[in-house]
Amino acid sequence: MAKDFQHTMTKTTTTTPAGAPAPPPRTSRRKKGKGGLKPLSFILLALGAFVFLFPFYYMLIGSLQTEPDTSITGAFPTVGNITGQNYVLINESINLFRGLINSGIFTGGVILCTVIFGIPVGYALAQMHFRGRGMVFALMLLVQMVPFQLLLIPLYVLIVRDYGLADSYLGMTLPFAINSTAVFVFRQYFLQLPASLFEAARIDGASEMRILTQIAIPLVRPAIVTAILLTFIGPWNEFLWPFLVTKDAAYQPLAVSLANYISNVAATAANPFGAILAGACVLAAPAVGLFILFQRQFISTNIGSSAKG
Amino acid sequence: MTTDSTVGKRRDPGPTPDPAPRRRTKLLGRQPLGLAFSAPYVIFILAVLAYPLGYAVYISFHDFFFTAPGVAVERPFVGLQNYIQVLSDPDVGRSFLNIGVFLIINVPLTVALSLILANALNRVTRLRTFFRVSYYVPYVTASVAVVGVWLFLFSQNGLINSLLGSLAPDPSWLVNSTLAMPTVALYVTWKQLGFFILLYLAALQNIPEELYESASVDGAGKIRQFFSITVPGVRSASVLVTLLATITGANLFTEPYLLTGGGGPDGASTSPVFLMYQEGILQGNPDTAAALGVILVLGVLVIALIQRRLVGGKED
């Protein structure tokens with residue numbers, strides 16, 4: 001205690017003399033940042049943004065070119081070289097609409113299961129006292145460390161061979177059905193609600209189901225949006241598992257059919273890159289669009305529970 | 001009926017509840033319904049993770065092969081035979097070497113770039129949201145989609161080679177046996193960086209401003225401050241970042257499959273997971289593939305422990 005106090009004392013004495021002519025220490029750094037004179041940082045960030053965004057821009061440009069133009073001028077749109085033909089071409093080889101529907105069913109199934117089964121667990125872990133709670137929590141944390149490559153073979157043997165769920169939405173969805181990260185997000189948000197609220201509801205005789213659906217869930221709407229977005233990108237972008245499960249093109253999510261196009265069919269097409277990039281744009285657009293629309297939710301999840309407001 | 005009586009008792013704030021519900025409370029907790037709320041999730045984990053995990057180890061110790069559903073066949077215990085077969089396979093050695101090359105490039109690059117960019121992002125307020133969004137976009141996009149652009153950019157006559165002119169590598173990037181794996185590592189670093197930048201950005205919020213202030217009073221420059229305050233201040237995040245980057249590296253599949261056309265040229269970019277797919281599923285040897293999976297996970301564990309020592313070494 002005393003040492004602690006002394007520590008803060010010395011700290012304040014060292015900061016005060018310097019802080020006296022300048023504005024108070026808390027705001028000084030922030031103000032310096034706002035002054036905008038961080039040229040080196042800013043150049044670095046701008047360079048980074050270019051490196052991260054350019055491939056996406058190039059993806060779009062490339063998907064619209066009649067002839068692939070890989071020179072430096074090809075990075076700028078030229079009027080004579082723009083066409084929608086690549087989208088038609090890729091759609092003839094892989095049914096884009098079917099792929100989007102399959103991706104949608106796969107992703108939707110995972111989101112639905114995560115919301116229906118994940119919210120009660122998250123609530124129970126945060127606001128209910130029951131035997132085994134610690135174990136469930138430990139299990140949830142442990143699950144996030146299990147590497148998928150170890151599960152690859154046994155899951156394939158079980159789901160595809162033993163249960164015969166190859167080429168089915170169920171087989172695709174099963175290993176991902178409840179997203180543990182989303183469960184963790186639910187728990188974090190429910191934990192921020194005051195326990196007294198739930199105690200009061202219980203004293204008034206409300207059942208746990210009613211407390212959950214009528215008190216807890218309406219209070220954590222942003223958590224549900226966050227968890228849905230977080231869950232969305234997993235199955236939407238997943239390649240390996242649906243690739244193993246679906247051999248029938250009618251069931252393949254877009255990521256799988258596009259990958260098959262890249263590795264097999266592309267060699268025979270007139271403008272393979274144009275067609276690949278057109279397919280890539282269709283696959284990327286929903287995830288990128290959702291992310292830009294809801295970027296605040298995405299980013300606050302990763303900042304974690306530090307966002308208390 | 002019994003539930004009613006507990007509810008009645010709970011409604012009564014009296015200090016000494018009946019002994020019977022109390023014993024129940026002691027046995028199952030105050031809200032035993034929590035068990036029912038958790039049950040679907042726990043069953044899911046046991047069925048889809050815990051059981052297959054054990055099954056993987058079982059498969060790796062037996063002579064296992066695919067059969068039609070419901071057919072009972074004998075799958076004799078073979079001890080370490082599958083492991084011996086995996087470890088004596090030169091392709092496996094090659095794939096582990098490839099992953100080693102991948103990790104040596106990817107992990108330090110990821111840690112350095114994400115920390116530098118997170119630090120810059122923390123200082124600048126103008127266009128901050130724009131920067132954050134642009135760094136995160138590759139992370140949320142399907143690898144299959146961005147692989148398409150990288151193939152285009154790094155192809156023989158691609159934009160990168162046009163820019164480099166005569167400096168372009170002779171067998172182009174992805175078909176060059178020395179450059180294939182580094183290109184894959186570069187791709188993965190680029191793809192994942194946004195996520196790690198956000199991890200570091202969160203960690204940077206925990207470094208007290210006062211440290212920087214007193215350091216600048218003491219005459220420490222920006223670079224000195226970065227190495228003496230920022231780097232040690234985010235050490236626990238660095239442990240996490242190296243661990244996650246290593247796990248991502250060990251899981252590599254999509255990139256060698258698509259970017260280098262199935263681990264080419266000549267196996268220069270195969271990954272263990274790609275071999276598991278080839279051996280286990282295409283060639284029908286799930287037993288050796290499972291053994292390879294177990295070895296891979298053990299390898300990751302060992303590397304993670306070493307990294308923890310190295311990165312988190314000075315922690316109290």
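How many residues does the contact take from chain A, and how many from chain B? Here are a few notes on this predicted model, starting with that point.

1. Chain A brings 100 residues to the contact and chain B brings 97 residues. The area buried between the two chains comes to about 9200 Å², and 76% of that area is given by carbon and sulfur atoms.

2. On the charged side, the rule finds one salt bridge across the interface of chain A and chain B. The partners are Arg30(B) and Glu199(A), whose closest N and O atoms lie 4.0 Å apart. For polar contacts, the count across this interface is seven residue pairs, with both residues at pLDDT 80 or more.

3. Have a look at helix α3 (residues 39–63) of chain A: with 16 residues, this helix gives the most to the side of chain A that touches chain B. Sorted by class, that side of chain A holds 71 nonpolar, 18 polar and eleven charged residues.

4. Helix α7 (residues 143–153) of chain B deserves a point of its own. Eleven of its eleven residues are buried, so this helix is largely enclosed by the rest of the structure. Among the buried residues are Ser143(B), Gly148(B), Trp150(B) and Phe152(B).

5. What do the buried residues of α7(B) pack against? In chain A, they pack against α3, α14 (254–265) and α15 (272–293); in chain B, their neighbours are α8 (159–164), α9 (180–204) and α13 (254–258). Helix α3 of chain A thus comes up twice in these notes: as a packing partner of α7(B), and as the helix that gives the most to chain A's side of the contact with chain B.

Key: Residues numbered from 1 in each chain as written. Chains lettered and ligands numbered in written order. Predicted model: local features only at pLDDT ≥ 70, side-chain atom pairs only at ≥ 80, totals over all residues. Heavy atoms only, no water. Contact = heavy atoms within 4.5 Å. Buried area = accessible area lost by both parts, 1.4 Å probe. Salt bridge = Lys/Arg side-chain N within 4 Å of Asp/Glu carboxyl O. Polar contact = N/O pair within 3.5 Å; in protein donor to acceptor, adjacent residues only side chain to side chain. Helix = DSSP H or I, 4+ residues; strand = E, 2+ residues; numbered from the N terminus. Nonpolar A, V, L, I, M, F, W, Y, C, P; charged D, E, K, R; others polar. Buried < 20%, exposed > 50% of the residue type's maximum accessible area, 1.4 Å probe, protein only.
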